[in-house]
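Open the model in your viewer and keep the selection tool at hand. The stops below go from the whole chain to single residues.

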Amino acid sequence: MPESPEPAHWTPADRAETNAVLTAAGPPAGRWVLVVGSGTGVHARLFRSAGASRVVGVDADRSLIAQAQRQEERDPLGIS
């Protein structure tokens, strides 16, 4: 499993979810990734940090997308 930076506040459950997502999706290095139901962008950022060449997140909840966009502005990874 690729290593990815994780926020200091992550719980063991967050780490387990991260491991499960990366394991299920396979190595993202060099791949384009579409995250459907991306919420605040946690998984989008995970895939990009793990080497995905392009990541796009979509979600029906505009407030969650707005949070993800603010995070991308604070710490840009090149996620759409």
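**Stop 1: confidence**

Colour the chain by pLDDT. This is a predicted model, and confidence is lowest in helix 1, residues 12-25, with a mean of 83. Strand 2, residues 54-58, has the highest confidence, at 96. Over the whole chain the mean pLDDT is 86, and 89% of the residues reach 70 or more. Where pLDDT is low, the predicted coordinates should not be read in detail.

**Stop 2: the whole chain**

Switch to a cartoon view. Three helices and two strands make up the elements of the chain, and from the N terminus on they run α-β-α-β-α. Now show the surface: the chain exposes about 5100 Å², with carbon and sulfur atoms supplying 56% of that area. Of the 80 residues, 26% are buried. For contacts between residues at least 6 apart in sequence, 42% join residues at least 24 apart.

**Stop 3: strand 1 and Val-33**

Select residues 32-36, which form strand 1, and pick out Val-33 within it. Is Val-33 buried or exposed? Val-33 has a relative accessible area of 16%, and because the cut-off for buried is under 20%, Val-33 counts as buried. Show what lies within contact distance: beyond residues up to four places away in sequence, Val-33 touches Phe-47, Ala-52, Arg-54, Val-55 and Val-56. Draw a C-alpha to C-alpha distance from Val-33 to Phe-47; the two are 14 residues apart in sequence and 7.4 Å apart in space.

**Stop 4: helix 2**

Phe-47 leads on to the next selection, helix 2, residues 42-49. Which residues of helix 2 are buried? They are Ala-44, Arg-45, Leu-46 and Phe-47. The buried residues of helix 2 pack against helix 1, strand 1, strand 2 and helix 3. Step just past the end of helix 2 to Gly-51, where phi is positive, at about 110°.

**Stop 5: Arg-45 and Glu-72**

Go back into helix 2 and select Arg-45. Its relative accessibility is 14%, so Arg-45 counts as buried. Setting aside neighbours within four places in sequence, Arg-45 is in contact with Gln-71, Glu-72, Asp-75, Leu-77 and Ile-79.

From that list, select Glu-72, which lies in helix 3. Glu-72 also counts as buried, because its relative accessibility is 14%. With neighbours within four places in sequence left out, the contacts of Glu-72 are Arg-45, Leu-77, Gly-78 and Ile-79. Add a C-alpha to C-alpha distance from Glu-72 to Gly-41: the pair is 31 residues apart in sequence and 8.7 Å apart in space.

**Stop 6: the second largest pocket**

Keep Arg-45, Glu-72 and Gly-41 selected; these residues are among those lining the second largest pocket. Extend the selection with the rest of the lining: Ser-38, Ala-44, Gly-57, Ile-65, Ala-68, Gln-69, Ile-79 and Ser-80. The pocket holds about 180 Å³ of space.

Which elements each supply at least two residues of this lining? Helix 2 and helix 3, residues 62-74, both do. Helix 3 gives the most, with four residues. Finally, colour the lining by residue class: four residues are nonpolar, five polar and two charged.

Definitions and conventions
Residues are numbered from 1 along each chain as its sequence is written. This is a predicted model: local features need pLDDT of at least 70, side-chain atom pairs count only at pLDDT 80 or more; totals for chains, interfaces and linings use all residues. Side-chain values use heavy atoms; hydrogens and water are left out. Buried means under 20% relative accessible area, exposed over 50%, partly exposed in between (1.4 Å probe, protein chains only). Contact means heavy atoms within 4.5 Å. Accessible areas come from the Shrake-Rupley method with a 1.4 Å probe; for residues, only the protein chains shown count as cover. pLDDT is the predictor's confidence in each residue, from 0 to 100. On a 1 Å grid over the protein atoms alone, a cavity is a set of points where a 1.4 Å probe fits but cannot get out, and a pocket is an open set with protein on both sides within 12 Å along at least five of seven lines; lining residues have an atom within 4 Å of a point. Grid points are joined across faces, edges and corners, and a volume is the space filled by probe spheres set on the points. Ala, Val, Leu, Ile, Met, Phe, Trp, Tyr, Cys and Pro count as nonpolar, Asp, Glu, Lys and Arg as charged, and the others, Gly among them, as polar.
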